[in-house]
Amino acid sequence: MSAELRIAVVGAGMMGADHIARITERISGARVSAVVEPDAGRAADAAGHAPGAEVFARIEDALAAGAVDAVLIAVPGQFHEPVLRPALAAGIPILCEKPLTPDSASSWEVLQLEQQLDRPHIQVGFMRRFDDEYRALRELVASGEAGELLLVHAQHRNPSVPESYTQNMLINDSVVHEFDVVPWLAGSPIVSVEVKRPRRNSLAPERLSEPILVLMELESGAIVDVEMSVSIQFGYQVTTEAVFERGVARIGQPGGMQRFDAGTFRLAEHLSFTTRFAAAYDAQIQRWVDAVRRGDLVDGPNAWDGYLVALACEAGVTAMAEGGVVPVEAPPRPAFYA
Ligand code: ISE
């Protein structure tokens, strides 16, 4: 491997372009050596932000050209598997944006392929695990300082969503983050999921019935409620309140300048996850690059975590469609992922 990690970024849409800028401008020890994107215009725009990067239409071509030490997959979830397979066959480290794949059966197949290698090579891009406040909350839970964790109230609010966003994406594209981060911070897996549908927001696109309220029960007995809204207009907000035996902790509150003006009090709020989680994305990519360069390959959620989230998402989609409490049952974790 060259001293500087040569990364192929696959996908030059919003997330891919964001990662290309990040790696080029803020990440040390790595550069974007290849932009893999079939849309020539998009590829050229993105490569313009990554000096020296070559453009390829397919990951196979970038691998064959020997231009790559590691792959960052930033295409939509349904296109992950066709990139994961050749990258695993080449035995190179992978950072795969969430979800690992769109369903648990295909995620399971990816796990089988990965287990043919000597150790885990896939990290899944659940960036919230790299957010300072989520990390502080996790430490508080683990320390036991506030007693046991009893309840979590989470709010996940998007001002609007693109036309491609479907009803099931409320679970598979959005609540997918809570399905990863909550068990991680609580130190306890999800055992069941239920979805309640409050009154519909008339400002939602016709195809969507939202907000939804997702209830998860954790193995510890803690109950988690997640308000998922995607047409709430005012801004992008991800907040969490954790209720302990001895007190309450809140994270994700709006910060920055406080403004008193014309009889009002204002605080700025984010408009997009790209700014709300910018520092978390930076930390995630820097730590992955550092891990790969020292030979650890993964420093964060792995493919097994991605598989567990796929199981929770399937339960969530069933619960949203059919009602009732849907169990989440996972097989034992293979020793490979210990
Ligand atoms: C988007 O794909 C993300 O991953 C964001 O973090 C999430 O807040 C949003 O709802 C998703 O659509």
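A residue is counted as near a molecule if one of its heavy atoms lies within 4 Å of that molecule. In this predicted model, the residues that surround the ligand in this sense are Lys 98, Met 127, His 156, Asn 158, Tyr 165, Asp 173, Ser 174, His 177, Tyr 236 and Phe 273. Sorted by class, this shell is made of four nonpolar, four polar and two charged residues, and its largest share, three residues, comes from helix H7, which spans residues 169–186.

**Contacts with the ligand**

Three of the shell residues have a polar side-chain atom for which a distance to an oxygen atom of the ligand can be given, as the table sets out.

| Residue | Distance from a polar side-chain atom to a ligand oxygen atom |
|---|---|
| Asp 173 | 2.6 Å |
| His 177 | 2.8 Å |
| Tyr 236 | 2.6 Å |

Because a polar contact is a pair of N or O atoms within 3.5 Å, the 2.8 Å between His 177 and the ligand falls inside that cut-off. On its own the ligand has 300 Å² of accessible area, and the protein covers 91% of it.

**The pocket that holds the ligand**

Where does the ligand sit? The space that the ligand takes is the largest pocket, which contains about 1,200 Å³ of space. This pocket is lined by 42 residues, and those closest to its centre are Pro 76, Gly 77, Lys 98, Met 169 and Asp 173. Lys 98 and Asp 173 also belong to the shell around the ligand. By class, the lining of the largest pocket divides into 21 nonpolar, 16 polar and five charged residues. Helix H1 (14–25), H7 and helix H10 (303–322) each supply at least two residues of this lining, and H7 gives the most, with six residues.

**A separate look at the cavity**

Rolling a probe the size of a water molecule over the atoms shows where empty space is left. For cavities of 30 Å³ or more, the count in this model comes to one, and the largest cavity has a volume of about 30 Å³. The residues that line the largest cavity are Arg 128, Tyr 134, Val 152, Ala 154, Glu 178, Val 181, Val 182 and Thr 240. Strand S7 (149–157) and H7 are the elements that give two or more residues to this lining, with the largest share, three residues, coming from H7. By class, the lining of the largest cavity is made of five nonpolar residues, one polar residue and two charged residues.

Technical notes:
Residues numbered from 1 in each chain as written. Predicted model: local features only at pLDDT ≥ 70, side-chain atom pairs only at ≥ 80, totals over all residues. Heavy atoms only, no water. Polar contact = N/O pair within 3.5 Å; in protein donor to acceptor, adjacent residues only side chain to side chain. Areas by Shrake-Rupley, 256 points an atom, 1.4 Å probe, with all protein chains shown as cover. 1 Å grid on protein atoms, 1.4 Å probe; cavity = no way out; pocket = protein on both sides within 12 Å on 5 of 7 lines; lining within 4 Å. Sits in = over half its atoms within 2 Å of the grid points. Helix = DSSP H or I, 4+ residues; strand = E, 2+ residues; numbered from the N terminus. Nonpolar A, V, L, I, M, F, W, Y, C, P; charged D, E, K, R; others polar. Points joined across faces, edges and corners; volume = space filled by probe spheres on them.
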